[in-house]
Amino acid sequence: MIHRFETVDSTNIVAKAMALEGAAHGTVVLAEHQTAGRGRMGRSFHSPASAGIYMSVILRPSCPPTALMHLTCAVAVTACDAVEEALGWRPGIKWINDLVAGGKKLAGILTELHIDPKTGLVDFAIVGIGLNCNQQPEDFPSELRHIACSAAMISGHPIDREPLICAIIQRLQDLELEHKKPILQRYRSDCVTLGQEVDVIRGDSRRKGFALDVDSQGALVVRFEDGHTEAVDSGEVSIRGQLGYV
Ligand code: BTN
């Protein structure tokens with residue numbers, strides 16, 4: 001079932017309310033405009049009317065939350081597949097949840113798990129995707145202009161959002177999360193963070209390192225300047241390339 005709205009605060013919030021009311025696996029919430037689009041780590045997601053795709057999908061995988069550590073990675077690869085199918089070019093992935101093209105952010109992914117307190121299993125997951133489609137550079141607020149791009153800017157012409165929406169929905173509903181190893185292998189090959197000098201930002205601390213790998217849980221394995229290697233978890237840190245956003 002696909003629910004289309006003109007304006008919502010956040011499609012993730014609307015989808016969560018629907019899931020709590022029993023909405024089925026595969027239910028989609030789409031909006032033309034979000035007034036309070038949310039990103040990872042409490043950030044906002046700029047969601048101007050009719051310029052992007054703002055979508056959340058309810059998944060009901062019925063497994064322990066530990067079996068879904070790779071969910072954001074799986075959604076990122078799936079979104080890259082959908083862009084490639086609909087637009088004919090493939091974005092990269094900036095660990096952990098950004099799709100990037102031309103060194104700038106094209107899309108963000110926000111996955112949220114809801115656990116059944118009685119069973120300890122996942123009751124549902126909300127997979128939110130925000131994808132910039134028809135903005136031009138001047139349409140982004142000045143603080144985003146140097147780090148954000150749109151599909152139209154990369155394609156060189158305005159894009160039709162509908163085939164892209166269909167490709168994303170189809171692929172998310174068919175997501176086979178149990179195939180963790182091949183999903184993570186595909187994630188590694190799309191991930192432009194790997195092999196880069198990065199700044200690992202945790203609160204006020206900023207440490208320099210080299211991104212070596214993505215482990216079996218989706219954590220980024222970084223060798224720091226003092227020589228020690230650590231798997232950094234996406235819950236706590238964000239990454240900046242030392243030469244730019246990516
Ligand atoms: C990020 O950049 O950290 C993630 C951004 C995710 C944005 C999408 S837009 C649709 C869905 N609803 C939200 O409020 N957020 C996600």
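# A tour from strand 4 to the largest pocket

Start with strand 4 and strand 5: three bridges join them, and they run antiparallel. This is a predicted model. Select the turn between these two strands. It is a hairpin, and three residues make the link. Now pick K94. Across from K94, in strand 5, stands D98.

**Along strand 5**

Stay on D98 and look towards strand 6. There D98 stands opposite G108. Move to L99, and the residue opposite in strand 6 is A107. Strand 5 covers residues 98-101, and strand 6 covers residues 104-115. The two pair in the antiparallel sense, over four bridges. Between these strands lies a hairpin with two residues. Select G102 in this hairpin: its phi is positive, near 55 degrees.

Which residues of strand 5 lie on each side? D98 and V100 are on one side, L99 and A101 on the other. All four are buried, so both faces of strand 5 are covered. In a regular strand the side chains alternate between the two faces of the sheet.

**The whole sheet**

Zoom out and show the strands. Seven of them form an open sheet in the order 1-2-3-7-6-5-4, with mixed pairing. Find strand 1 (2-8) and strand 4 at the edges. Each has a single partner strand, so one side of each is left without a neighbour in the sheet. On average, neighbouring strands of this sheet are turned by 20 degrees against each other, direction ignored.

Next, add helix 2 (71-87). Helix 2 packs on the sheet and touches strand 3 (52-59), strand 4, strand 5, strand 6 and strand 7 (122-132). The direction of helix 2 makes about 140 degrees with that of strand 6. Then add helix 5, residues 161-173. Helix 5 also packs on the sheet, where it touches strand 1, strand 2 (28-34), strand 3 and strand 7. Compare its direction with that of strand 3: the angle is about 20 degrees.

**Helix 6**

Select I183, L184, Y187 and D190, the buried residues of helix 6. They cover an arc of only 120 degrees around the axis, which puts them on the same side of helix 6. What do these buried residues pack against? Their partners are helix 2, strand 4 (92-94) and strand 9 (205-214). Turn to the other side of helix 6, and you find K181 and S189, which are exposed.

**A buried threonine**

Follow the chain out of helix 6 (180-190) into the loop that leads to strand 8 (197-202). Select T193 in this loop. Is T193 buried or exposed? T193 has a relative accessible area of 0%, so it counts as buried. Show its contacts next. Leaving out residues up to four places away in sequence, T193 touches I93, K94, W95, V198, A211, L220 and I239. You met K94 earlier, opposite D98.

**The largest pocket**

Rolling a probe the size of a water molecule over the atoms shows where empty space is left. The largest pocket has a volume of about 650 Å³. How many residues line this pocket? The lining has 36 residues. Select G39, R43, S44, F45 and K105, which lie nearest the centre of the pocket. Finally, colour the elements that give two or more residues to the lining. They are helix 1 (11-20), strand 3, strand 6, strand 7, helix 3 (142-145) and strand 12 (238-241).

Conventions: Residues are numbered from 1 along each chain as its sequence is written. This is a predicted model: local features need pLDDT of at least 70, side-chain atom pairs count only at pLDDT 80 or more; totals for chains, interfaces and linings use all residues. Side-chain values use heavy atoms; hydrogens and water are left out. Buried means under 20% relative accessible area, exposed over 50%, partly exposed in between (1.4 Å probe, protein chains only). Contact means heavy atoms within 4.5 Å. The arc is that of the directions from the helix axis to the C-beta atoms. Two strands pair if DSSP finds at least two bridges between them. Axes are lines fitted to C-alpha atoms, for helices over the stretch in contact, and angles run from 0 to 180 degrees between N-to-C directions. On a 1 Å grid over the protein atoms alone, a cavity is a set of points where a 1.4 Å probe fits but cannot get out, and a pocket is an open set with protein on both sides within 12 Å along at least five of seven lines; lining residues have an atom within 4 Å of a point. Grid points are joined across faces, edges and corners, and a volume is the space filled by probe spheres set on the points.
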